Amino acid sequence: MWPGSRDGLFVGEDNWVAVLCGTQWGPLDLRVRKHDAPPGGVDQDWDMAAEWSLDCTDGILNTQNLYGGNPPHAIDVPPGWGRLRLSVRGRQVAQEVTEPLDVAVENHLLELWPEPERHDPAVVHGPDSMARFLRS
């Protein structure tokens, strides 16, 4: 049983996090950017952005589509606490699709940087309509 989502985008604990996507029937576009320090503000073209602290003790962040069958993709990160910011667009549109898609309608930007300690999860832009529905 997964813990509940406080922000409608993430669920997880200190050493793992899952992203609540709208896409169930096709691909989504995911871009990853690593930073040495916290990046600037969120681009307002995104529907929502939230942040999560994650303990990557071994210096590896694995990303994986839980339902896609692909193996995890390892991203080298500094060992210890890191901060993730996920900006999303198109989750509600993707949620409403009832048949498999060939092209992505949902877009994600995952930014990550080292942090000296854990910080509470935070919504930094939004929430989007899907998050409002999930939290109600």
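## The overall layout

Helices here are DSSP runs of H or I with at least four residues, and strands are runs of E with at least two. Counted that way, this chain has two helices and nine strands. Keep in mind that you're looking at a predicted model.

Walk along the chain from the N terminus and the elements come in the order β-β-β-β-β-β-β-α-β-β-α. The radius of gyration is 15 Å, close to the 14 Å that the globule rule gives for 136 residues, so the chain is as compact as a globular protein of that length. As for its extent, the C-alpha trace spans about 40 × 30 × 30 Å along its principal axes.

## Inside and outside

Of the 136 residues in the chain, 37% are buried. Take the contacts between residues at least 6 apart in sequence: 75% of them join residues at least 24 apart.

On the outside, the accessible surface adds up to about 8100 Å², and carbon and sulfur atoms account for 51% of that. The chain carries 11 positive and 21 negative charges, and the mean positions of the two sets lie 4 Å apart.

## A look at H108

Now for a single residue. H108 sits in strand β8, which covers residues 107–114. Is H108 buried or exposed? Its relative accessibility is 3%, and buried means under 20%, so H108 counts as buried.

What does H108 touch, leaving aside residues up to four places away in sequence? The list includes V19, C21, L28, W46 and L86, along with D29 and R31. There's also a polar contact of 2.7 Å between the side chains of H108 and E106.

Terms used. Residues numbered from 1 in each chain as written. Predicted model: local features only at pLDDT ≥ 70, side-chain atom pairs only at ≥ 80, totals over all residues. Heavy atoms only, no water. Rg over C-alpha atoms; globule rule 2.2 N^0.38 Å. Buried < 20%, exposed > 50% of the residue type's maximum accessible area, 1.4 Å probe, protein only. Contact = heavy atoms within 4.5 Å. Areas by Shrake-Rupley, 256 points an atom, 1.4 Å probe, with all protein chains shown as cover. Lys, Arg positive; Asp, Glu negative; His and termini not counted. Charge placed at Lys NZ, Arg CZ, Asp CG, Glu CD. Polar contact = N/O pair within 3.5 Å; in protein donor to acceptor, adjacent residues only side chain to side chain.
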